[in-house]
Amino acid sequence: MREADVPTVQEIERDIFSTPWPRNAYYRELSSRNTAHYIVLRKDEEIVGYGGMWRMYDEAHVTTIGVRRDLQHHGYGRIIFAGLVQAAYDLGAKWVTLEVRTSNDLAMQMYEGFGFKVIGRRRGYYTDNGEDAIVMWSDSIFSPRFRSAFEANLERIATEVDGLRRDPPSTTTTR
Ligand SMILES: CC(C)(COP(=O)(O)OP(=O)(O)OC[C@H]1O[C@@H](n2cnc3c(N)ncnc32)[C@H](O)[C@@H]1OP(=O)(O)O)[C@@H](O)C(=O)NCCC(=O)NCCS
């Protein structure tokens, strides 16, 4: 993610999250290059989604992930999340954690598909509706169990991207 991407990221975020980050938050994150890592996924030059993480010592913490509403459930979230897990390896982290709303079953399923497990609950974590957060973590990202889940996701992404390449180019842009 570059500074020039922030307005589009914020536009997506305002549409898909009930509590979007304050206006300057992404610019601040992007200036913290040592600890923060933010990515966007593009298709045909358009940003379809984004994600971010912080690294603190051995831990990488996923701070956000989102896919444009009209493009959700097409496999893009998996690609972005795989990018974040790869970043955790590249940044020298040993494990990855994240919080997710108790009601967000689909996101939780995605994280479980990457080998994440529920390790706790933060009561009333989300200030807009007082919803609890489920805390998930990867355990060691170097364990054979986690690595094989990651590799299975990478293989699936490779197959799906191959399928996308073979699709005829889309002529419509919907928002
Ligand atoms: C959560 C989110 C990032 C997932 O991205 P996505 O592109 O929609 O998800 P994908 O199509 O890549 O699917 C990945 C996995 O997510 C789960 N999932 C996604 N859509 C699903 C659906 N309609 N039904 C069931 N499971 C679904 C599944 O586990 C799926 O894996 P599978 O295909 O093996 O079943 C996206 O839906 C989103 O932006 N949601 C709103 C913001 C949000 O909730 N962010 C997460 C905050 S913790």
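This is a short tour of a predicted model, going from the whole protein to the shell around its ligand.

Start with the whole protein in view, shown as a cartoon, and pick out its 5 helices and 6 strands. If you trace the chain along the sequence, these elements follow one another in the pattern α-α-β-β-β-α-β-α-β-β-α.

Next, display the C-alpha atoms of the protein, which fill a box of roughly 45 × 40 × 35 Å when taken along the principal axes. The radius of gyration of the protein is 16 Å, which agrees with the value near 16 Å that a compact globule of 175 residues would have. If you colour the residues by burial, 24% of the 175 count as buried. Turning to contacts between residues at least 6 apart in sequence, you will find that 56% of them join residues at least 24 apart.

Now select the ligand together with the 18 residues that surround it, of which the closest are Gln-72, Gly-77, Arg-78, Gln-109 and Met-110. To place this shell in the fold, highlight strand 3 (59-67), helix 3 (76-90) and helix 4 (105-113), the elements that each give two or more residues to it.

Which element gives the most to the shell around the ligand? Select helix 4, which contributes 5 residues and so leads the list.

Finally, colour the shell around the ligand by residue class, which should show 8 nonpolar, 9 polar and 1 charged residues.

Note on methods:
Residues numbered from 1 in each chain as written. Predicted model: local features only at pLDDT ≥ 70, side-chain atom pairs only at ≥ 80, totals over all residues. Near = placed C-beta within 6 Å. Helix = DSSP H or I, 4+ residues; strand = E, 2+ residues; numbered from the N terminus. Nonpolar A, V, L, I, M, F, W, Y, C, P; charged D, E, K, R; others polar. Rg over C-alpha atoms; globule rule 2.2 N^0.38 Å. Buried ≥ 20, exposed ≤ 12 C-beta atoms within 10 Å, placed from the backbone. Contact = placed C-beta atoms within 7 Å.
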